[in-house]
Amino acid sequence: MEDSSSEKNPRYKPRPYQLELFEKAMQRDIIIHARTGSGKTFISVMLINHLSNEIEKAYSEGGKRSIFLANTVPLVKQQAEFLRSQTHFEIGEYFGDKKIDNKLLDVWDAKIWKKELESKQVLVMTPKIFENMIDHCFIDLEKVNLIIFDECHHGTGKHPYKKKKEVDLNLKILGMTASIVNQKCSLDKFNRMMQKLEETYGCKIETSSIILNEEEGIKEQNKPKTLLTFYENSDTDYVHLKEYLLEIKKDLEYFDGEKEKKNKENKENAFNGEDRQMIFSSQNDNPYNSIKKECSDVQNVFEELGLWSFCKALREFNDRLVSTNYSAFEPSEKKKIDEFIKKFENLFEMVREIMSEEDEHNVEKIYQFSSEKLKKMLDIYLQQKENNQNFHSIIFVERKYMAYFMDMILKNLNQTETWSFIKSDFISSISGTKKNMTLTQQEKALRSFRKHEINILVATSIVEEGVDVPACNMVIRFSKIYNFGSYIQSKVCILTCIFEYKVMYNENMINIIDRIHQGLHSVFYKAFFTT
């Protein structure tokens with residue numbers, strides 16, 4: 001039985017740089033900084049094994065447990081599966097949709113958790129679940145020997161990882177990250193955030209001298225190249241449509257602000273008076289806020305992808321507005337919403353004056369009605385085909401709404417002879433209400449990419465957060481780069497890329513590109529981000 005399992009999941013042997021970092025982790029609590037795909041998780045396996053005498057005992061007989069915290073459900077599943085393949089321990093995985101005895105994890109009591117702690121030696125879970133276990137005394141921290149924080153750069157703000165600083169834990173801590181920080185920031189702020197991260201976990205950030213000096217035998221010519229792809233601004237395209245949309249958005253922002261003021265007054269009056277139920281009244285719902293947010297998404301699709309995508313997005317948006325029941329709102333608000341619906345319908349008619357219904361349904365017209373930015377990106381893939389170069393590519397976008405429509409474009413283009421070589425899917429976060437994915441859909445998209453059933457994966461930052469994506473030979477950063485920090489954050493996740501990292505930019509971003517160039521030559525960058 002063991003031999004069969006071993007054949008399916010061969011045990012890895014530690015590489016020199018992993019041994020170096022493991023020795024540092026034994027000596028003190030550290031945060032391992034290394035690129036995605038470099039084997040950070042295997043170092044955590046080595047540390048769990050090193051402390052195995054403490055977790056092999058039964059929990060009820062004084063045994064301890066190791067906790068592995070992963071920030072998302074896909075990562076919980078991925079890391080739990082890896083731990084099973086590389087250790088002999090019983091591994092439990094825990095997330096919101098998990099059921100035992102037909103009970104969702106959120107309503108588990110002490111009895112269920114006691115059974116889990118007794119039967120499992122390593123528990124992999126999202127940080128919020130571990131926080132709840134502590135708050136409800138389902139686990140005794142004195143009986144935890146090790147906590148591993150995957151993607152530990154999330155330890156800021158109100159994230160559950162931040163709780164570590166608030167609890168004096170006399171146990172082993174191991175942090176792992178590929179990106180150091182999880183927000184856009186200047187190069188100067190990078191150093192301060194590094195220090196803050198070390199203070200949060202009581203750990204020292206470490207990387208391997210072997211990785212830095214020898215780079216695991218990777219030859220200079222095989223390192224991924226960063227290539228800049230310039231595109232002309234499309235600000236002068238369809239100006240009257242953009243101005244009309246901007247006018248609608250400004251009106252929505254005004255009424256959204258007025259509604260929020262009114263809600264605040266209602267709640268203050270309710271607190272000071274006897275009618276406390278007014279605090280929870282549906283009269284406090286704000287219809288303008290959700291309309292404003294989706295209007296912003298539609299506007300972003302227009303600016304980034306062009307008229308064809310805008311037409312599709314606007315049609316979907318209008319259909320949702322018309323089908324939504326607003327009867328619970330005050331008559332004056334209902335009237336105002338009807339006016340906004342009419343404005344969006346007018347906008348769609350204005351689009352129709354430029355692009356007919358026949359044009360919309362003619363996939364051969366997609367390129368014609370696309371933005372200059374999108375055309376430039378599509379030309380990159382066409383050139384790859386004309387040069388007989390196979391590609392396995394990721395396109396990074398900022399919003400899941402954008403990922404959905406980018407994939408829609410690529411799937412429609414696939415129906416044409418010119419673009420039939422493109423096979424795509426997209427991946428975005430599970431959370432949220434608009435264009436959100438199920439876990440099954442996420443896994444299907446990643447599986448198709450791994451098996452090379454598709455050659456383009458459109459992705460949001462969920463891939464940047466460590467979801468296991470196999471090596472690809474081209475990455476396109478389609479979303480805007482705001483500063484050096486956002487550039488680094490997106491690049492570190494694809495350092496297994498074999499050939500090219502392409503950054504889309506226009507004349508408005510030239511100053512940012514210059515600052516990135518300066519940052520790439522800094523001592524800080526060379527110490528932590530060279531590959």
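**Notebook: sheet and helix packing**

I started with the sheet: 6 strands form an open sheet in the order β10-β15-β14-β11-β13-β12, and the pairing is parallel. I noted the edge strands as β10 (225–230) and β12 (424–427), each of which pairs on one side only. From one strand to the next, I have an average twist of 20°. The model is predicted, and I keep that in mind for every entry here.

**Confidence**

I looked up the pLDDT next. The protein chain has a mean of 81, with 76% of its residues at 70 or more. I marked residues 1–8 as a stretch with pLDDT below 50 and 0 contacts beyond near neighbours in sequence. Residues 521–531 are also below 50, but for this stretch I find 32 contacts in the model beyond near neighbours in sequence.

**Inside the sheet**

I then took one strand pair in detail. Strands β11 (residues 393–396) and β14 (residues 474–477) run parallel and are joined by 4 bridges. Which residue of β14 is the bridge partner of I394? I have V475 for that.

I also checked what covers this part of the sheet. Helix α17 (residues 400–413) lies across β11, β12 and β13 (456–459). Relative to β12, I record that α17 runs at about 175°.

**α13 and α14**

For packed helices I record the angle between the axes and the distance between them. At what angle do the axes of α13 and α14 cross? For helix α13 (residues 307–323) and helix α14 (residues 331–352) I have roughly 150°, with the axes coming within 10 Å. Angles over 145 degrees count as roughly antiparallel, so I enter α13 as roughly antiparallel to α14. The crossing of α13 past α14 is left-handed.

On the α13 side of the contact I list L307, F310, C311, L314, R315, F317, N318, L321 and V322. Their counterparts in α14 are I341, F344, E345, L347, F348, V351 and R352. By class, I have 12 nonpolar, 1 polar and 3 charged residues in this contact.

**α12 and α14**

I stayed with α14 and turned to helix α12 (residues 287–305). The axes of α12 and α14 come within 11 Å and cross at roughly 15°. The cut-off for roughly parallel is under 35 degrees, and I therefore enter α12 and α14 as roughly parallel to each other. I have the crossing of α12 past α14 as left-handed.

From α12, the residues I find in the contact are P287, Y288, I291 and C295. They meet E333, K336, I337, F340 and F344 in α14. I count this contact as 7 nonpolar, no polar and 2 charged. I note that F344 of α14 is listed in the contact with α12 and also in the contact with α13.

**α3 and α5**

Last, I looked up a helix pair earlier in the chain. Helix α3 (residues 40–50) and helix α5 (residues 73–86) have axes that come within 11 Å and cross at roughly 55°. I therefore put α3 and α5 down as oblique to each other. Which hand does the crossing of α3 and α5 have, left or right? I have it as right-handed.

In α3, the contact residues are T41, F42, V45, I48 and N49. In α5, I list Q79, F82, L83 and Q86. My entry for the classes in this contact is 5 nonpolar, 4 polar and no charged.

Conventions:
Residues numbered from 1 in each chain as written. Predicted model: local features only at pLDDT ≥ 70, side-chain atom pairs only at ≥ 80, totals over all residues. Heavy atoms only, no water. pLDDT = per-residue confidence, 0-100. Contact = heavy atoms within 4.5 Å. Axes fitted to C-alpha atoms, helices over the stretch in contact; angles between N-to-C directions. Helix = DSSP H or I, 4+ residues; strand = E, 2+ residues; numbered from the N terminus. Parallel < 35°, antiparallel > 145°, perpendicular 65-115°, else oblique. Left-handed = near helix turned anticlockwise from the far one by under 90°. Nonpolar A, V, L, I, M, F, W, Y, C, P; charged D, E, K, R; others polar. Pairing = 2+ DSSP bridges.
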